[in-house]
Amino acid sequence: METIYASHHCWLKGWLHRKLNNASDAADLMQDTFLRLMQSRYRNTPQPQPRALLTHIAKGLLIDHWRRKDVEQAYLEALAHAPAQHEPSPEERYLVIEALVRIDAMLSSLQEKTRTAFLLAQIHGLTLEQISQKTGMPVITVRRHLHKALVACMSARLAFDDPPDKADVHDCAVANRC
């Protein structure tokens with residue numbers, strides 16, 4: 001792991017900087033990439049192509065980063081239309097954005113029919129019969145899709161309430177040479 005880090009961290013940081021055009025975010029994602037690598041099943045396996053593996057991990061983190069930025073931007077735009085007296089504190093804003101990102105990830109993980117049925121029920125307040133008519137699915141199928149979505153919600157809630165511990169990762173002296 002030390003060899004891979006020493007040999008490739010500057011390259012990865014530069015690659016991420018070109019993708020993000022932001023040195024601070026690039027450094028954060030570079031560290032997150034190595035953290036993911038250390039937590040993965042590949043941590044004790046010799047890597048014939050470490051850059052390919054690092055790129056694969058970093059691309060997933062980039063997608064998460066951009067998705068978070070999109071969710072954050074949508075939330076900030078919605079806040080701009082709210083009365084000033086309802087503006088949340090920075091801590092509340094952070095917690096809401098974290099929750100929205102997790103909800104977005106959970107919804108994205110659902111099959112399209114499941115997501116559609118869930119959103120029709122939760123956002124539009126439609127009944128099983130109304131969703132059935134709107135989607136052309138039998139009521140029992142709508143019910144199954146809603147059950148799947150609710151199970152996904154509960155799983156996401158449990159993961160949010162009890163997040164796994166993360167190792168504390170610090171830049172090593174070598175990283176300061178980039």
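## Order of the elements

Starting at the N terminus, the elements of this protein follow the pattern α-α-α-α-α-α-α. Put as a tally, there are 7 helices and 0 strands. Do keep in mind as you look around that this is a predicted model.

## The protein as a whole

The protein has 178 residues, and 29% of them count as buried. Its accessible surface is about 12200 Å², with 54% of that belonging to carbon and sulfur atoms.

How do the contacts spread along the chain? Among contacts with a separation of 6 or more, 63% are between residues 24 or more positions apart.

## A nonpolar patch on the surface

If you turn to the surface, you will find a nonpolar patch formed by Val96, Leu100 and Ile103. Together these residues have about 200 Å² of accessible area.

Val96 sits in helix H4, which covers residues 90-109. Is Val96 buried or exposed? Val96 counts as partly exposed, because its relative accessibility of 31% falls between the 20% limit for buried and the 50% limit for exposed.

## Asn21, between two helices

Another spot to visit is the loop between helix H1 (2-20) and helix H2 (23-39), where Asn21 is found. Asn21 has a phi near 55°, a positive value in a residue other than glycine. As a rule, most residues other than glycine have a negative phi.

Where does Asn21 stand in terms of exposure? With a relative accessible area of 67%, Asn21 is exposed, since the cut-off for that label is over 50%.

Conventions
Residues numbered from 1 in each chain as written. Predicted model: local features only at pLDDT ≥ 70, side-chain atom pairs only at ≥ 80, totals over all residues. Heavy atoms only, no water. Helix = DSSP H or I, 4+ residues; strand = E, 2+ residues; numbered from the N terminus. Buried < 20%, exposed > 50% of the residue type's maximum accessible area, 1.4 Å probe, protein only. Contact = heavy atoms within 4.5 Å. Areas by Shrake-Rupley, 256 points an atom, 1.4 Å probe, with all protein chains shown as cover. Patch = residues over 30% accessible without salt bridge, like charges linked within 9 Å, V, L, I, M, F, W, Y side chains within 5 Å. Salt bridge = Lys/Arg side-chain N within 4 Å of Asp/Glu carboxyl O.
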